[in-house]
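Trainee: Could you take me through one part of this structure closely, the nonpolar core, and then show me how its surroundings fit in? I would enjoy one connected walk rather than a list.

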Amino acid sequence: MFEKLSLLRRLRKLPFSEKEYWVVAGSAMVLHGFRPQTRDIDLGCTTLLANKLEQQGYAVSYCEDGTRKILYSENIEIFENWIEDTVEIIGGVPVVSIDGLIEMKKKLGRQKDLEDIALIEKIRKNGDI
């Protein structure tokens, strides 16, 4: 499990430019302060970075829309061009904006994503974030 500090430590060790990748999904929930921890790390990346990783021999599969999903390590998956809205820097790490996170979770539409959206909106309404 990754809590905010261990997550930031792991992300800062990645050999990527902050212009090539961004944190999404559960990890973004932790970095924005909506959840205390996450099990794994999901990232979005540019096509250029996806090309580099594929050339380096990382395992690649394809999503329904034709973009690539790259298994970077046991607990890091990277999704090509998976982004909504903008990216902001939190603790020196690029992270999808809160509005972008909500949009991504709406598109996924799974029960856990809908619950995450409700949690984000409740915390925002209460002015805690």
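Mentor: Happy to! A nonpolar core here is a set of buried Ala, Val, Leu, Ile, Met, Phe, Trp, Tyr and Cys residues joined through side-chain atoms within 4.5 Å. Keep in mind as we go that this is a predicted model.

With that in hand, let us start at the centre of your request. The largest nonpolar core holds 37 residues. Those with the most contacts inside this core are Leu11, Phe16, Tyr21, Val23, Leu43 and Ile78. Helix H2 contributes the most to this core, with five residues. As a general background, nonpolar side chains tend to be buried together in soluble globular proteins.

Phe16 is a good residue to click on. Leaving out residues up to four places away in sequence, Phe16 touches Tyr21, Leu43, Leu49, Leu53, Tyr72 and Ile78.

Next, look at Ile76, which is found in strand S7. Ile76 counts as buried because its relative accessibility is 0%. With residues up to four places away again set aside, Ile76 is in contact with Arg10, Leu14, Ile41, Leu43, Ile70 and Leu71. Leu43 is thus a partner of Phe16 and also of Ile76. Ile76 also has Asp40 at 6.2 Å, C-alpha to C-alpha, although 36 residues separate the two in sequence.

Follow S7 onward and you come to the loop between S7 and S8, where Asn81 lies. Asn81 has a positive phi of about 55 degrees, though it is not a glycine. Asn81 counts as partly exposed because its relative accessible area is 41%. Asp85 is found in the loop between S7 and S8 as well, and its phi, near 60 degrees, is likewise positive in a residue other than glycine.

Now turn to helix H4, which spans 98–108. Ile98, Gly100, Leu101, Ile102, Met104 and Lys105 are buried in H4. The buried residues of H4 pack against strand S2 (21–24), H2, strand S8 (87–90), strand S9 (93–96) and H5. Just after H4, Gly109 takes a positive phi of about 65 degrees.

H4 also brings us to the largest pocket, since H4 gives the most to its lining, with four residues. That pocket has about 810 Å³ of space. Its lining is made of 29 residues, and Ala25, Asp42, Trp82, Leu108 and Arg110 lie nearest its centre. By class, the lining has nine nonpolar, five polar and 15 charged residues. Among the elements that each supply at least two residues of the lining are H2 (25–31), S7 (76–80) and helix H5 (111–125).

Finally, what about disulfides across the whole structure? A search finds zero of them. The sulfur of Cys45 is too far for a bond because the closest cysteine sulfur, in Cys63, is 10 Å away. Cys45 counts as buried, at 0% relative accessibility, while Cys63 is partly exposed, with a relative accessible area of 26%.

For a last stop, go to Gly33, in the loop between H2 and S3. Gly33 counts as partly exposed, at 43% relative accessibility. The C-alpha atoms of Gly33 and Ala59 are separated by 31 Å, with the two residues 26 apart along the chain.

Conventions:
Residues are numbered from 1 along each chain as its sequence is written. This is a predicted model: local features need pLDDT of at least 70, side-chain atom pairs count only at pLDDT 80 or more; totals for chains, interfaces and linings use all residues. Side-chain values use heavy atoms; hydrogens and water are left out. A disulfide is a pair of cysteine sulfur atoms within 2.5 Å. Buried means under 20% relative accessible area, exposed over 50%, partly exposed in between (1.4 Å probe, protein chains only). On a 1 Å grid over the protein atoms alone, a cavity is a set of points where a 1.4 Å probe fits but cannot get out, and a pocket is an open set with protein on both sides within 12 Å along at least five of seven lines; lining residues have an atom within 4 Å of a point. Grid points are joined across faces, edges and corners, and a volume is the space filled by probe spheres set on the points. Ala, Val, Leu, Ile, Met, Phe, Trp, Tyr, Cys and Pro count as nonpolar, Asp, Glu, Lys and Arg as charged, and the others, Gly among them, as polar. Contact means heavy atoms within 4.5 Å.
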